[in-house]
Amino acid sequence: TQSQVNTVFNSGVPSDISEMAGLVAYYRMGESAYWNSAEWEVPNYKYIDNYSKYSFYFDGIGDYVDCGNDSSLQPTGAITLSAWAKLDTGDTDDQDSLITQDHPEFAGLYNGYQLRWGQHSGLVQPYLNFTLCDDSTSTAYTISGIFSPSTPLNTWHHICGIWNGTTMELFFDGVSMGTLAFSGTITYNTARNTYIGAELIGFYHSGNIDEVSIFNSAKAIGDLWD
């Protein structure tokens, strides 16, 4: 029907139609297309689920995704950073960046944002942090958390940083790790890029990253974790 066609088209943003009555094939193409060294595999979502089958694996040496420096990735008044990640056992050398815009506190400048989870040289426990920078006050606002050595590695976890314009909050597996007041503005060096799995093409993540999202608003943790 015309109404259902409009639903599928969704004003140019494809809808999830996996539960639409009568659906027999649903190929989401790029979301889960997979090269198996001989051919591209494109799964039929009608017979699996509406979540990605594949994540990106980062080797901790030089793997990263460069998202460029588009202004849409540089929100100033509110932000939500969300990612699922899995750390390799033995990740011990600053290989911890999940999402980084610029490089907080780089060369005496305070620009961009960062969501990190991993091992840091000098620490024996996995840790995570959420950082926002305001160069007008030369300040990097950071919430950190450090876990016991028993924190599972090689296991998927959800990491999320949310800022509503006045308060930052860091979440691990849907549980709040703390809050921090910040009522300034995130500042940017607009020439700097946003990276997944690295910061300034260094300090590479070792393990898997999936379902990365960046919002220019404060999202409810339940909307993401659930």
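Which residue follows H1, and what is the sign of its phi? It is Asn10, with a positive phi near 50°. Please keep in mind that this is a predicted model. With that said, here is a short tour that goes from the whole protein to helix H1 and then to Thr131.

**The protein as a whole**
- The secondary structure comes to 2 helices and 14 strands.
- The protein has 226 residues, and 41% of them count as buried.
- Among contacts with a separation of 6 or more, 62% link residues that are 24 or more positions apart.
- The accessible surface of the protein is about 11500 Å², and carbon and sulfur atoms account for 52% of that area.

**Helix H1 and the residue after it**
- H1 covers residues 2-9.
- This helix is hardly covered, as the count of buried residues among its 8 residues is 0.
- Right after H1 comes Asn10, the residue with the positive phi.

**A look at Thr131**
- Thr131 sits in strand S8, which runs over residues 127-134.
- Buried or exposed? Thr131 counts as buried because its relative accessibility is 4%, and the cut-off for buried is under 20%.
- The side chains of Thr131 and Thr142 make a polar contact at 2.8 Å.
- Neighbours within four places in sequence aside, Thr131 is in contact with Pro104, Gly112, Tyr113, Gln114, Ala140, Tyr141, Thr142 and Met168.
- Thr142 therefore appears twice in this picture, as a polar partner through its side chain and as a member of the contact list.

How values were computed
Residues are numbered from 1 along each chain as its sequence is written. This is a predicted model: local features need pLDDT of at least 70, side-chain atom pairs count only at pLDDT 80 or more; totals for chains, interfaces and linings use all residues. Side-chain values use heavy atoms; hydrogens and water are left out. Helices (H or I, at least four residues) and strands (E, at least two) are DSSP runs, numbered from the N terminus. Buried means under 20% relative accessible area, exposed over 50%, partly exposed in between (1.4 Å probe, protein chains only). A polar contact is a pair of N or O atoms within 3.5 Å; within protein, one must be able to donate a hydrogen and the other to accept it, and residues adjacent in sequence count only if both atoms are side-chain atoms. Contact means heavy atoms within 4.5 Å. Accessible areas come from the Shrake-Rupley method with a 1.4 Å probe; for residues, only the protein chains shown count as cover.
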